[in-house]
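Hi everyone, and thanks for coming. Please have a look at the sequence and the model as they come up on the screen, and then I'll walk you through them.

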Amino acid sequence: MSDVSRLPGPMDDVWQWQRLGACRGMDSGVFFHPDGERNPSRSRRTEQAKQVCRGCPVISECRRFALASREPFGVWGGLGESERRTILERRDAVTMPGLVAVS
Ligand code: SF4
């Protein structure tokens, strides 16, 4: 018999929020850019995704997940890729002050 004592416990609670997302069942192409997409198409698509997020009951959970997992692509929790990158860079600069680049 397999020893499962070292496996993580049930993860259902961790992912429960995704079932409640306003984007559930929507075309993921609204939230993730296709290859070669340029402005202004990107700006329009991103704004459309953020509009969905604004009415989402799990926006905080989604945003927290995307930042914690350093999700590089798409709109998550109402934040675009560059917005999340900026937040993470600022957060990293605070938690690792020795690594702050001088600009
Ligand atoms: S916040 Fe946006 S991306 Fe996240 S679950 Fe809600 S609608 Fe989807």
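Before we look at the ligand, one definition: I'll call a residue near a molecule if one of its heavy atoms lies within 4 Å of it. Please also keep in mind that this is a predicted model.

So, which residues surround the ligand? Gly21, Ala22, Cys23 and Phe31 are on the list. Val52, Cys53, Cys56, Ile59 and Cys62 are there too, together with Val75 and Gly77. Helix 2, residues 41–54, and helix 3 are the elements that each give two or more residues to this shell. If you look for the largest pocket, you'll find that it is the space taken by the ligand.

Let me stay with the cysteines for a moment. In general, a disulfide is a covalent bond between the sulfur atoms of two cysteines. How many disulfides does a search of the whole structure find? Zero. Two of the cysteines around the ligand, Cys56 and Cys62, are worth a closer look. Cys56 has a relative accessibility of 14%, so it counts as buried. Cys62 is buried as well, because its relative accessible area is 13%; the cut-off for buried is under 20%.

Cys62 brings us to helix 3, which spans residues 59–68. Its buried residues are Cys62, Ala66 and Leu67. Why are they on the same side of the helix? Because they cover an arc of only 125 degrees around the axis. There's a handy rule behind this: an α-helix has 3.6 residues a turn, so residues three or four places apart point the same way. The face of helix 3 turned away from that buried side carries Arg64 and Ala68, which are exposed. And what do the buried residues of helix 3 pack against? The answer is helix 4.

Just after helix 3 comes Arg70, in the loop that leads from helix 3 to helix 4. As a general point, most residues other than glycine have a negative phi, and most peptide bonds are trans. Arg70 has a positive phi, near 50 degrees, and is not a glycine. Its relative accessible area is 43%, so Arg70 is partly exposed. For a peptide bond that is cis, look at the one from Asn39 to Pro40, where omega is near 5 degrees. Pro40 sits in the loop between helix 1, residues 12–15, and helix 2.

Now please turn to helix 4, residues 81–95, where you'll find Glu81. Is Glu81 buried or exposed? It is buried, because its relative accessible area is 18%. Setting aside neighbours within four places in sequence, Glu81 is in contact with His33, Arg42, Pro72, Phe73 and Gly74. Further along helix 4 there is Leu88, which is buried, with a relative accessible area of 10%. With neighbours within four places in sequence left out again, Leu88 is in contact with Leu67 and Arg70. Leu88 and Cys56 are 32 residues apart in sequence, and their C-alpha atoms are 23 Å apart in space.

One of the contacts of Glu81 is Phe73, found in the loop between helix 3 and helix 4. Phe73 counts as partly exposed, at 49% relative accessibility. Not counting residues up to four places away in sequence, Phe73 touches Phe32, His33, Glu81 and Arg84. Between Phe73 and Phe31, 42 residues apart along the chain, the C-alpha separation is 8.8 Å, and Phe31 is one of the residues around the ligand.

My last stop is Trp17, in the loop between helix 1 and helix 2. Its relative accessibility is 13%, so Trp17 counts as buried. What does Trp17 contact, leaving aside neighbours within four places in sequence? Val58, Glu61, Cys62, Phe65 and Trp76. Trp17 and Glu61 are 44 residues apart along the chain, with their C-alpha atoms separated by 6.8 Å. Compare that with Gln48, which lies in helix 2 and is partly exposed, with a relative accessible area of 46%. Gln48 and Trp17 are 31 residues apart along the chain, and 21 Å separates their C-alpha atoms.

To wrap up, there are two things to take with you. The ligand takes the space of the largest pocket, and the buried side of helix 3 packs against helix 4. Thanks for listening!

Terms used. Residues are numbered from 1 along each chain as its sequence is written. This is a predicted model: local features need pLDDT of at least 70, side-chain atom pairs count only at pLDDT 80 or more; totals for chains, interfaces and linings use all residues. Side-chain values use heavy atoms; hydrogens and water are left out. Helices (H or I, at least four residues) and strands (E, at least two) are DSSP runs, numbered from the N terminus. Buried means under 20% relative accessible area, exposed over 50%, partly exposed in between (1.4 Å probe, protein chains only). Contact means heavy atoms within 4.5 Å. The arc is that of the directions from the helix axis to the C-beta atoms. A disulfide is a pair of cysteine sulfur atoms within 2.5 Å. On a 1 Å grid over the protein atoms alone, a cavity is a set of points where a 1.4 Å probe fits but cannot get out, and a pocket is an open set with protein on both sides within 12 Å along at least five of seven lines; lining residues have an atom within 4 Å of a point. A molecule sits in a cavity or pocket if more than half of its atoms lie within 2 Å of its grid points.
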